[in-house]
Each structure stands twice: as structure tokens, then as C-alpha cells.
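Good morning, and thank you for joining this meeting. I should like to take you through one protein chain, beginning with its overall architecture and then turning to its interior.

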Amino acid sequence: RDSSTLSTLASVGYLSFNFVSTIAVTFINKACFTRIDFGFPAALCNIHYVTTWIGIEIMRRLGMFDALPNAPSPRADWQFAVLVLVVGTVTPLNNTSLKLNSVAFYQFFKLLVTPAVVLLEYLLDRKV
């Protein structure tokens, strides 16, 4: 029972950290765009990606988790290229939206993405 409680507390801690850090990153990005007039949303994404990679590598070397072995992907090369293109485009577009709009507007429309995807899946694929 103690290990279950610790596991639950750890999960709540991880989720809380994720929630707080996501909000912090949004406000830091907005400050970069407005207060120091940093006009390069895609470059800011690259800074975040590199910082995340360094943090993950430090945690891996500290033994906080084990790296998964590299396995060949069952996806075709073109599917992987599309995935890379989408992932590499979404974040710079989000940062561009944040640069051009208020934080409230940005967060509101970011929250509307999930219902929009559900609606599109229903309309296009008849998924419920």
C-alpha cells in the first residue's frame, strides 16, 4: 500500500510540474516576444527543443529512467517525413500565434484544438 501511495504522489507531482512548467513556458515566450522584442518564434522553439533534450539527457545519465533501445520503425519513410513535418511546424506556428495575440486568446484557441479534432474525426471518419 505504501508503494501505491508513493506512486500516486509521484504521478501527481509529475502532472503538477508539467502543468506549471507549461504555463511558465507560455508566459516566458510571451515575455520574450513583447519585453525583449525577440522576433523569431521558430528559433525560440529550437532553444526549447535543445533545452529539453539536455534536461532529458541529464536525467537519463542520473539513472532517473532507462533509454529504450532503438528499434526500426514499422512506418514507411514518407509517413515518418510527414510526422516530422507536422511536429516541426506546429510549435513554431503556436509561437507565432502567441507572438501576435494575447496569452488569453492563445490559450483559448489552444484549448479549442481538442474539440475541433473530435468534430473533424466525427465528420470525416464517423468516429464517435
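Which pattern does the protein chain follow when it is read along the sequence? It follows the pattern α-α-α-α-α. Please bear in mind that this is a predicted model. The count agrees with that reading: the chain has 5 helices and 0 strands.

Let us consider the overall dimensions. The radius of gyration of the protein chain is 19 Å, whereas a compact globule of 128 residues would have one near 14 Å. Along its principal axes, the C-alpha trace spans about 45 × 45 × 30 Å.

Next, the surface. How much of the protein chain is buried? Buried residues account for 11% of its 128 residues. The accessible surface amounts to about 10,700 Å², and carbon and sulfur atoms contribute 70% of that area. As for charge, the chain carries 10 positive and 7 negative charges, and the mean positions of these two groups lie 7 Å apart.

I now turn to the interior. The largest nonpolar core consists of 6 residues, namely Cys32, Phe33, Leu44, Leu98, Val103 and Tyr106. Two helices, α1 (2–34) and α4 (103–111), each supply at least two residues of this core. Cys32, one of the core residues, touches Asp37, Phe38 and Leu44, if residues up to four places away in sequence are not counted.

Finally, consider the contacts between residues at least 6 apart in sequence: 64% of them join residues at least 24 apart. Thank you for your attention.

Key:
Residues numbered from 1 in each chain as written. Predicted model: local features only at pLDDT ≥ 70, side-chain atom pairs only at ≥ 80, totals over all residues. Heavy atoms only, no water. Helix = DSSP H or I, 4+ residues; strand = E, 2+ residues; numbered from the N terminus. Rg over C-alpha atoms; globule rule 2.2 N^0.38 Å. Buried < 20%, exposed > 50% of the residue type's maximum accessible area, 1.4 Å probe, protein only. Contact = heavy atoms within 4.5 Å. Areas by Shrake-Rupley, 256 points an atom, 1.4 Å probe, with all protein chains shown as cover. Lys, Arg positive; Asp, Glu negative; His and termini not counted. Charge placed at Lys NZ, Arg CZ, Asp CG, Glu CD. Core = buried A, V, L, I, M, F, W, Y, C linked by side-chain atoms within 4.5 Å.
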